[in-house]
Amino acid sequence: MHEESSPYRTHLLICTNEQGCGQKKSALFCKNLKEKAREIYGKSVRVNQSGCLGQCKKEVVACLYPQNRWFVNLKMNEEEEARLLSYLGEDLGEKTHGEELQLR
Ligand code: FES
């Protein structure tokens, strides 16, 4: 094994555990967010489904790295999607579509 730096500027993990957060349709939310993030930011960001993140009582849970930001009680709606897209673009150093969405 050897260590490498992350190939992504930022990486969002969304819990889709079927016994917890996944019961609130977080897998579909994650899939849609992943497609939009790829469309807006290209390959510099990554959105992935995750297993249980250990904060089940706060479902739905997501975490963003390397910012080390955690999001809990996520609602599976367009406002939360826009907010997460904005967070994904925060460190990319330019005005992003995500920021525009957040302002609505
Ligand atoms: S099931 Fe989502 S954090 Fe545990």
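Two residues are taken to be in contact if their C-beta atoms, placed from the backbone, lie within 7 Å. The exercises below apply to a predicted model.

**Exercise 1. Work out the strand order of the open sheet and where the helices α1 and α2 lie on it.**

Step 1. The open sheet has four strands in the order β2-β1-β3-β4, and their pairing is mixed. The edge strands are β2 (45-50) and β4 (69-71), each of which pairs on one side only. Neighbouring strands of this sheet are turned against each other by 15° on average, direction ignored.

Step 2. For the pairing of β3 (residues 62-65) with β4, the sense is antiparallel and three bridges are found; within this pair, Cys 63 stands opposite Trp 70 of β4.

Step 3. Helix α1 (residues 26-41) packs on the sheet with contacts to β1 (10-15) and β2, and its direction makes about 170° with that of β2. Helix α2 (residues 78-89), by contrast, lies across β1, β2, β3 and β4, and runs at about 150° to β1.

**Exercise 2. Find which residues of α2 are buried, and follow one of them into the largest nonpolar core.**

Step 1. The 12 residues of α2 reach 17 Å from the first C-alpha to the last, close to the 16 Å expected at 1.5 Å a residue.

Step 2. With the cut-off for burial at 20 or more other C-beta atoms within 10 Å, the buried residues of α2 are Ala 82, Leu 84, Leu 85, Tyr 87, Leu 88 and Gly 89. An α-helix has 3.6 residues a turn, so residues three or four places apart point the same way.

Step 3. Leu 88 is among the residues that touch the most other members of the 22-residue core, together with Leu 12, Cys 15, Ala 37 and Ala 62. At least two residues of this core come from each of β1, α1, β2, β3 and α2.

Step 4. Leaving aside residues up to four places away in sequence, Leu 12 touches Val 47, Ala 62, Leu 64, Leu 84 and Leu 88.

**Exercise 3. Locate the cis peptide bonds and the non-glycine residues with positive phi.**

Step 1. Glu 59 and Val 60 are joined by a cis peptide bond with omega about 0°, and Val 60 belongs to the loop between β2 and β3. Another cis bond joins Tyr 65 and Pro 66, with omega about 10°, and Pro 66 lies in the loop between β3 and β4.

Step 2. Asn 68, also in the loop between β3 and β4, has a positive phi near 60°, while Asn 73, in the loop between β4 and α2, has a positive phi near 55°.

Step 3. Since a residue counts as exposed with 12 or fewer other C-beta atoms within 10 Å, Asn 68 with 7 is exposed, and so is Asn 73 with 11.

Note on methods
Residues numbered from 1 in each chain as written. Predicted model: local features only at pLDDT ≥ 70, side-chain atom pairs only at ≥ 80, totals over all residues. Pairing = 2+ DSSP bridges. Axes fitted to C-alpha atoms, helices over the stretch in contact; angles between N-to-C directions. Expected span 1.5 Å × (residues − 1). Core = buried A, V, L, I, M, F, W, Y, C linked by C-beta atoms within 7 Å.
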